[in-house]
Amino acid sequence: PNGNVQLASPLAGDGIPVTALEAYENAANSANATHPDCHIPWPLLAGIGRVESDHGRYGGAILRPDGTSTRPIIGIALNGHGTELVTDTDHGTLDGDPVYDHAVGPMQFIPSTWLIYGADGNGDGIKDPFNIFDAALAAANYLCAAGGDLSTTAGQTRAVLSYNHSTAYLDEVLSLEHTYASGDPELII
């Protein structure tokens, strides 16, 4: 970004890929049509997507125009060592681990949560947690269910804390949302 731009969150500095932006906007529009009392803003999804996977670019992956990354994004084993303990819920189908669950995809869904909220955000007939269009819509639906009216600080707080119960996570996501909502065109790459 231009040196004159003051970013609320330094994580916003590497921008949002156009594909991710399209996924977040589509997901917010779809969720708001389905849940008219939700009022989820796309920048909230973008904040979560940035913290969870750098908008599908975690570990050097590149986000493709179709919404998939050049390699699947799979989080660490949720084995109770510095993480919550989550034993396998999908026989390793999504994360490749038949012992512990791992959060998967650009929005980092635990397989059991994906089973409930998984969505087809790109209309291809497949609910794929590794596709940012599908994952963003699933996240939007999850956040709407958890937070209620996301046009309010209280609603956003409930929603984000249900996604990850950490005050530091909440603060970072809301800071990113504020930055992305600024409309600075330099944040889109």
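In this predicted model, the largest pocket is lined by 24 residues. Those nearest its centre are Glu52, Leu78, Ala103, Gln108 and Asn164. Three elements each give two or more residues to this lining, namely helix 2 (42-53), strand 1 (74-77) and helix 5 (153-163). The volume of the largest pocket comes to about 650 Å³. In character, its lining divides into 14 nonpolar residues, eight polar ones and two that are charged.

Gln108, one of the residues nearest the centre of the largest pocket, deserves a second look for its backbone. Gln108 is found in the loop between strand 2 and helix 3, and its phi is near 50°, a positive value in a residue other than glycine. Most residues other than glycine have a negative phi. With a relative accessible area of 16%, Gln108 falls under the 20% limit and therefore counts as buried.

His91 offers a useful companion case. Here too phi is positive in a residue other than glycine, with a value near 55°. His91 lies in the loop between strand 1 and strand 2 (102-104). Its relative accessible area is 72%, which is over the 50% limit, so His91 is classed as exposed. Of these two residues with positive phi, then, Gln108 is buried, whereas His91 is exposed.

Attention now turns to helix 4, which covers residues 132-147. From its first C-alpha to its last, this helix of 16 residues reaches 21 Å, close to the 22 Å expected at 1.5 Å a residue. Helix 4 is mostly covered, with 14 of its 16 residues buried. Ala135, placed in helix 4, is buried at 0% relative accessibility. Between Ala135 and Val51 there are 14 Å in space, C-alpha to C-alpha, and the two are 84 residues apart in sequence.

Both ends of helix 4 can be described in some detail. At the N-terminal end, Asn131 acts as a cap, with a side-chain oxygen 2.8 Å from the backbone nitrogen of Phe133. After the helix comes Gly148, whose phi is positive, near 75°. Leading towards helix 4, the loop that starts from helix 3 (111-117) contains Pro129. Pro129 is buried, at a relative accessible area of 3%. Pro129 and Glu25 are separated by 104 residues in sequence and by 17 Å in space, C-alpha to C-alpha.

Helix 4 also takes part in a covalent link. The structure holds one disulfide, and this disulfide joins Cys38 to Cys144 with an S to S distance of 2.0 Å. The link of Cys38 and Cys144 is left-handed, with -85° about the S-S bond. Because Cys38 sits in the loop between helix 1 (18-34) and helix 2 while Cys144 sits in helix 4, the pair ties together parts that are 106 residues apart in sequence. Both partners are covered by the definition of buried as under 20% relative accessible area: Cys38 counts as buried at 2%, and Cys144 is buried at 8%.

Key: Residues are numbered from 1 along each chain as its sequence is written. This is a predicted model: local features need pLDDT of at least 70, side-chain atom pairs count only at pLDDT 80 or more; totals for chains, interfaces and linings use all residues. Side-chain values use heavy atoms; hydrogens and water are left out. On a 1 Å grid over the protein atoms alone, a cavity is a set of points where a 1.4 Å probe fits but cannot get out, and a pocket is an open set with protein on both sides within 12 Å along at least five of seven lines; lining residues have an atom within 4 Å of a point. Grid points are joined across faces, edges and corners, and a volume is the space filled by probe spheres set on the points. Helices (H or I, at least four residues) and strands (E, at least two) are DSSP runs, numbered from the N terminus. Ala, Val, Leu, Ile, Met, Phe, Trp, Tyr, Cys and Pro count as nonpolar, Asp, Glu, Lys and Arg as charged, and the others, Gly among them, as polar. The expected span of a helix is 1.5 Å times one less than its number of residues. Buried means under 20% relative accessible area, exposed over 50%, partly exposed in between (1.4 Å probe, protein chains only). A polar contact is a pair of N or O atoms within 3.5 Å; within protein, one must be able to donate a hydrogen and the other to accept it, and residues adjacent in sequence count only if both atoms are side-chain atoms. A disulfide is a pair of cysteine sulfur atoms within 2.5 Å.
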